[in-house]
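Student: I'd like to practise finding charged pairs in a protein model. Could we go through a few together?

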Amino acid sequence: MMAASGLALNPQMEQIYGEIKDHFRALGNGFQKLEKVKNPNRQSKQLEELTGKMRECKRLIKEFDREIKDEEARTPPDVNKQLNDEKQSMIKELNSYVGLRKTYMSSFGNKKLELFDMGAGASEPTADENIQLASRMNDQELIDAGKSTMHQTDQAIERSKQVVAQTIEQGTQTAATLKGQTEQMGRIVNDLDTIHFSIKKASQLVKEIGRQVATDKCIMLFLFLIVCGVVAIIVVKIVNPHNKSIRDIPGLAPPASTSRRLLRFTGS
């Protein structure tokens, strides 16, 4: 494999190249350690971690290829050839780990296989190699993989149905609650209308009572003035009975003189 120092790389490509090499070293060490693991659960977990690193390598190789195409117009042809050769070398190394992964998955009884497609153009050989890798799976492995995928799909559909049912139930409860609150608001509005009408009638009644009280007060005041006038006349008559400017009040005139009665009696 060509060393990184022998390639003309820009800073971005150099960073991507370094990350790819780090992942390849991690994959090599990981598969070496995987041979020593005896626990099936640990083996499966470690294999999943290695699969994640392979996915990351695939993404980085695509970025590396994109950088090559972006810099192609500004890079000499021989340098472009070196970069493409290095990319193909990395793709082959990744495919070797993919094949190693398939071998371990078969030995662990896990029949799932994720194919790595490195894109079009300069990466087309990788797609062919992946097709060949898939063709090496027997019919039973393909059937088992299909059944597993269908089982996972059925579980996802069941979970979706449960979520939909729960959503419908919550919507029904919310609608019932809103209906009850609407009816309660209607009753409150009716009560408010009744209270408003009662307050209006009470206001009218208070006004009528106020007018009656004012009329009664006026009548009482008038009667009081009459009584005061009568009392004043009586007082004046008692104090000065010969005052002719004040007419006698019927029923309160002084008695007739006795001598005047006697004269009338004698004349007759």
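Student: Which residue forms a salt bridge with Lys81?
Tutor: Happy to help, and keep in mind that this model is predicted. A salt bridge needs a Lys or Arg side-chain nitrogen within 4 Å of a carboxyl oxygen of Asp or Glu. For Lys81, the closest N and O atoms are 3.2 Å apart, and the partner is Asp85.

Student: How many residues apart are Lys81 and Asp85 in helix H3?
Tutor: Both residues belong to helix H3, which covers residues 77-108. About one helical turn separates them, because they are 4 residues apart.

Student: Is Lys81 buried or exposed?
Tutor: Exposed means over 50% relative accessible area. Lys81 has 53%, so this residue counts as exposed.

Student: Which residues are joined into one network by salt bridges that share partners?
Tutor: Let's start with one pair: Arg59 forms a salt bridge with Glu56, with the closest N and O atoms 2.2 Å apart. Both lie in helix H2, 3 residues apart. Salt bridges that share partners make one network of Glu56, Arg59 and Glu63.

Student: Is Asp65 buried or exposed?
Tutor: Asp65 meets Lys69 in a salt bridge at 3.5 Å, N to O, and Lys69 is partly exposed at 48%. Buried means under 20% relative accessible area. Asp65 has 9%, so this residue is buried.

Student: How many salt bridges does the count come to?
Tutor: We have met several pairs, including Lys69 with Asp65. With the 4 Å rule, the count of salt bridges comes to 8.

Technical notes: Residues numbered from 1 in each chain as written. Predicted model: local features only at pLDDT ≥ 70, side-chain atom pairs only at ≥ 80, totals over all residues. Heavy atoms only, no water. Helix = DSSP H or I, 4+ residues; strand = E, 2+ residues; numbered from the N terminus. Buried < 20%, exposed > 50% of the residue type's maximum accessible area, 1.4 Å probe, protein only.
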